[in-house]
Amino acid sequence: MKEKELERLTNLKMIEKDLSVKGFKNICGIDEAGRGPLAGPVVVAGVIMPQNSMIEGVNDSKKVSEKKRELLYDKILQEAISYSVAIIGQDIIDDINILNATKQGVTSVVKGLDVRPDLIIIDALEHVDTNGVPYEAIVKGDAKCYSIAAASIVAKVTRDRIMREWDDVYPEYGFAQHKGYGTAKHISAIKEYGLCPIHRRSFTKNFM
């Protein structure tokens, strides 16, 4: 590993290092993918990484190419002490709103871990049911914390794969390209073909 990358990862682990000094051993980073799209689920992922984990390239998923994310996804899951993923579909998002759907995903993720964490660090979510586990909300956590960044990659890759599968079912919308986000091409397709079953009705009122 190059010195610059080692330095970047060391900085990315500073918050976790401080927490481990305070006695927190198993720290679970949680992040989501898909709060903003017009279609498809929101995916929440949680990972407990070993304290000495230093996977080259781990970063906020938005800063990593799709190809590299796929490679990192495998490495993260291989190294993780425990991980959990929750997929909250568009029907629930429409029913309880995206914020509450995301919070529901966090609760499911915590319950799905096979190792109970000492602490959860989460990207900027407050008032969440974490099944009795203490948590800290960190603004822009995916860019500041190694384990939240790792969770962001797991969530993003999982969701992208789901949207590519939906692209086979509804090819006219271009889900493989935009992953359900409100691009000009996607909005144009909605106006031409109407909504399909995976569209979020609460997000697409303006286009219909």
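This tour moves through a predicted model, from a strand residue to aromatic pairs, charges over rings and a helix crossing.

**Stop one: Val-44**

Select Val-44, which is found in strand β2, spanning residues 42–48. Its relative accessible area is 0%, so Val-44 is buried. Next, add Val-106 to the selection: the two residues are 62 apart in sequence, yet their C-alpha atoms are 6.3 Å apart in space. To display the surroundings, leave aside neighbours within four places in sequence; Val-44 is then in contact with Ile-30, Asp-31, Glu-32, Ser-84, Val-85, Ala-86, Thr-102, Gly-105, Val-106 and Val-109.

**Stop two: the aromatic pairs**

A search of the whole structure finds 3 aromatic pairs. Begin with Trp-166 and Tyr-170, a stacked pair whose ring centres are 5.8 Å apart and whose planes differ by 20 degrees. Trp-166 is partly exposed, with a relative accessible area of 30%, whereas Tyr-170 counts as buried at 17%.

Proceed to Tyr-173 and Tyr-193. Their ring centres are 6.1 Å apart and their planes stand at 70 degrees, so this pair is edge-to-face. The pair links distant parts of the chain, 20 residues apart: Tyr-173 lies in the loop between α7 (146–169) and α8 (175–178), and Tyr-193 belongs to helix α9 (residues 184–193). Tyr-173 counts as buried at 2% relative accessibility, while Tyr-193, with a relative accessible area of 44%, is partly exposed. Now add Phe-175 to the view: ring pairs link Tyr-173, Phe-175 and Tyr-193 into a cluster.

**Stop three: charges over rings**

Select Lys-13 together with Tyr-146. Lys-13 lies over the face of Tyr-146, at 4.9 Å from the ring centre. Then turn to Phe-203, where Arg-200 lies over the ring face, also at 4.9 Å from the centre.

**Stop four: helices α3 and α7**

Finally, select helix α3 (residues 66–79) and helix α7. How do their axes cross, and within what distance do they come? The axes come within 9 Å and cross at roughly 120 degrees, which makes α3 oblique to α7. The crossing of these two helices is left-handed.

Show side chains at the meeting of the two helices. From α3, the residues to display are Glu-66, Arg-69, Glu-70, Leu-72, Tyr-73, Ile-76 and Leu-77. They meet a set of α7 residues consisting of Ala-150, Ile-153, Val-154, Lys-156, Val-157, Thr-158, Asp-160, Arg-161 and Arg-164.

Terms used: Residues are numbered from 1 along each chain as its sequence is written. This is a predicted model: local features need pLDDT of at least 70, side-chain atom pairs count only at pLDDT 80 or more; totals for chains, interfaces and linings use all residues. Side-chain values use heavy atoms; hydrogens and water are left out. Helices (H or I, at least four residues) and strands (E, at least two) are DSSP runs, numbered from the N terminus. Buried means under 20% relative accessible area, exposed over 50%, partly exposed in between (1.4 Å probe, protein chains only). Contact means heavy atoms within 4.5 Å. Rings of Phe, Tyr and Trp (its six-membered ring) pair if their centres lie within 6.5 Å; planes under 30 degrees apart count as stacked, over 60 as edge-to-face and the rest as tilted. A charge sits over a ring if NZ of Lys or CZ of Arg is within 6 Å of the ring centre and within 35 degrees of the ring normal. Axes are lines fitted to C-alpha atoms, for helices over the stretch in contact, and angles run from 0 to 180 degrees between N-to-C directions. Angles under 35 degrees count as roughly parallel, over 145 as roughly antiparallel, 65 to 115 as roughly perpendicular and the rest as oblique. A crossing is left-handed if the near helix is turned anticlockwise from the far one by less than a right angle, and right-handed if clockwise.
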